[in-house]
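Biologist: Could you take me on a close look at how the helices and strands pack in this model? I would love one connected walk through the contacts.

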Amino acid sequence: MMSQQAGQVGEAGAGTVADGGRCAVYLNPMAQRRAEFEAAGAGLFARLALADGVEAARALVVASEGQDAASRVDLLVIDLERFEQSIDLAALGELVALRRGAPVLLLCPCAGAAWVPALMAFGPASYAITPIEAPALHQAVAGALAAAGADGADAAALRDLLALRTRAGQAVRAAVDSQDLGERLCRALADWPGVLHAALFHLKPDGDLQLDAQHGPEGLSLATLLGRSHGLLQAPLRHAFPGLLAAATGELALLDTLGQAGEPGMADTLRAHGVAMAAGIAIPADGPGMARGALSLLFERARPLSQEDFATLLDVAELAAQGLHGAELALENEQLLARLTYISTTDALTGIANRRHGEELLEKEIRRARRYRVPLALVAFDIDRFKAINDNFGYPVGDVVLRSVADAARAVLRSSDLLVRSGGEEFQIIAPHTSAIDALKMAEKIRLAIEQAEVPGADHVTVSLGVAQLGEQESGDSLVQRVNAALARAKRAGRNCVELAMQ
C-alpha cells in the first residue's frame with residue numbers, strides 16, 4: 001500500500017504515544033496491508049488496533065463507545081483494497097454509519113474510487129487514493145481528524161454545483177448529435193471552478209472507444225497524451241489514465257496524486273500543463289454491459305471532492321448517458337429513414353433509381369429547366385433481344401446483363417445525369433443542362449460502352465436508344481412519349497443505334 005514506509009511501531013494497540021494520545025482502528029483483510037499501515041502510521045497514534053474483518057472492526061468501535069476520551073476510537077481507517085463493493089458495501093456502510101459522524105478515513109485504489117460516494121451515503125468520511133506515501137498518509141489522517149464535525153459544502157460551492165448541473169442539462173437539450181453533445185458538456189464541465197480540462201470518451205456501437213470532444217488550454221490534447229483518439233481501449237495508458245479506466249471498468253476513477261498511476265511520463269506531461277489531479281466518471285449504460293464511455297476531468301490543484309461534488313458528477317454522467325442515448329436513437333432513426341428512402345426509390349437489382357423515383361426526378365428537373373430557362377434532355381434505351389438472352393442463358397444471366405448494362409451506362413455519365421430503370425429491360429437518362437445535340441453524343445457513348453462491355457455468361461449485348469429535348473411548353477408525359485417513339489424507330493432501324501425524337 002505504501003510506497004515509502006516509516007519506522008516500526010509496537011504491537012497493535014500498544015504503539016508510541018502520539019499527538020493527543022489518539023486511538024485508531026485500521027481495517028483490511030490482508031496481513032501485509034495491515035503491517036504496511038502499521039509501519040507507515042508510526043507516531044500518528046498512541047494506540048492502533050488492526051482488524052482483519054468488518055466484525056472485528058465493529059467490535060473495536062462498539063467497545064470504545066461510552067469510554068473516556070483516552071479509550072475512544074478517534075479514527076476508523078478502512079482500506080478498501082480487496083473488498084468487493086457488490087458484496088461488502090452494506091457491511092462497510094453500516095460500519096461508517098456506526099461512527100455517527102466521528103472521523104472515518106477511506107483508503108481506496110484509483111480504479112476503486114466509486115467506493116467513496118457509495119460509503120459517504122452512510123455517513124461523513126474523508127478519503128485518500130492509494131498507493132500513498134507516508135507523508136501524504138500523515139496529511140490524510142490529519143485532514144480526516146480535522147474534518148470531524150465540519151459543515152458540508154459552503155454556499156458558494158453549492159451554487160457552483162447547481163450551475164454545473166444546469167449547464168449540463170442545457171447541453172443535453174441543445175445538442176444535435178453525440179459530437180455536439182460532447183463539446184457542449186466539456187465546455188460546461190470546464191467552467192466548474194478548479195477544472196482545467198474536460199473531455200468525453202464515447203464507446204461506439206462497433207466497440208471502439210473514441211475521444212469525442214475535449215475542452216481546455218491550448219496545447220493540452222488528450223489525443224497527443226494518449227497517442228491516439230480512436231481504439232482507446234487498446235491504448236497503452238488505458239490502465240493508468242482515469243478517463244480510460246472509468247470507460248473500461250464502468251467505475252469512478254481518481255488520482256489525487258498523478259504519480260499514483262505508475263506512469264511517470266504521463267504524470268510529467270500532465271504536470272507540465274498545470275494538472276495536479278485527474279478524475280474519470282463512467283457514463284452508465286442502459287443495462288448490463290460496458291459503460292457508454294466516460295467523462296474526464298483534469299484539475300489545476302489537488303483537492304478532496306465532497307459528497308455533493310461526487311453526486312453532481314454522477315448526475316452529469318447520467319445526463320451524458322441520456323444525451324448519448326438520445327443522439328444514438330436519432331442517428332438510428334436517420335439511418336432507418338435513409339434505408340427506407342433507399343428501398344423506396346432504388347431498383348434493388350441494379351442500384352439505380354426505380355421507375356417511380358424516376359418519374360419524380362423528371363418532374364423536378366422539368367420545373368428547374370423552366371425556372372432557369374436551361375435545356376433538358378431525356379434518353380431512353382432498352383436491351384436488344386433481352387427475351388432471347390433469358391430464354392437461352394436463364395434468368396440469372398439476364399440479371400447479370402441488366403447490372404452490367406447499368407454499370408456501363410453509369411460509367412460514362414456525368415455526376416449530374418440521372419440513370420433510371422424504367423421497366424424490365426428499359427432505362428432512362430435524365431440529362432439536365434443538355435441540348436438534343438449533346439444528348440445524341442451522350443447516347444452514342446452509352447451505346448458504344450455497352451457494345452464493348454464484357455458480360456459474364458452472355459453473348460454480345462447491345463442497346464437501342466431514343467433521344468428527346470424538352471419542348472418549351474411540353475409536359476413530362478409528352479416528353480416520354482416522344483423519346484419512346486424515337487426508341488421504337490431505333491428498333492425498327494435494325495437495333496444498336498440512336499434515333500432523335502421528332503418535335
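Modeller: Happy to! In this predicted model, let us start with helix H14 (residues 395-412) and helix H15 (residues 436-452), whose axes lie 9 Å apart at an angle of about 135°. An angle over 145° would count as roughly antiparallel, so at about 135° H14 is oblique to H15. The crossing of H14 past H15 is right-handed. On the H14 side, the contact is made by Val 405, Ala 408, Ala 409 and Val 412; across from them, H15 offers Ile 446, Ala 449 and Ile 450. Sorted by class, the residues of this contact are 7 nonpolar, with no polar and no charged ones.

Next comes the pairing of strands. Five of them, in the order S7-S6-S10-S9-S8, make up an open sheet with antiparallel pairing. Its edges are strand S7 (209-215) and strand S8 (253-255), each of which pairs on one side only. From one strand to the next, the twist averages 15°. As background, strands of a sheet pair through backbone hydrogen bonds, either parallel or antiparallel. If you zoom in on one edge, strand S6 (residues 195-203) pairs with S7 in the antiparallel sense over 6 bridges, and Ala 199 stands opposite Gln 214 in S7. The sheet also has a helix packed on it: helix H11 (residues 307-345) touches S6, S8, strand S9 (277-283) and strand S10 (293-299). The direction of H11 makes about 45° with that of S9.

H11 brings us to one more helix contact. Helix H7 (residues 178-190) packs with H11 at an angle of about 165°, and their axes are 9 Å apart. Because that angle is over 145°, H7 counts as roughly antiparallel to H11. Here, too, there is a right-handed crossing, with H7 passing H11. From H7, the residues in contact are Ser 178, Leu 181, Leu 185 and Leu 189. They meet Leu 313, Val 316, Ala 320, Gly 323, Leu 324 and Ala 327 in H11. By class, that gives 8 nonpolar and 2 polar residues, with no charged ones. So, if you follow H11 through the model, you find H11 packing with H7 and also packing on the sheet.

Terms used. Residues numbered from 1 in each chain as written. Predicted model: local features only at pLDDT ≥ 70, side-chain atom pairs only at ≥ 80, totals over all residues. Heavy atoms only, no water. Axes fitted to C-alpha atoms, helices over the stretch in contact; angles between N-to-C directions. Helix = DSSP H or I, 4+ residues; strand = E, 2+ residues; numbered from the N terminus. Parallel < 35°, antiparallel > 145°, perpendicular 65-115°, else oblique. Left-handed = near helix turned anticlockwise from the far one by under 90°. Contact = heavy atoms within 4.5 Å. Nonpolar A, V, L, I, M, F, W, Y, C, P; charged D, E, K, R; others polar. Pairing = 2+ DSSP bridges.
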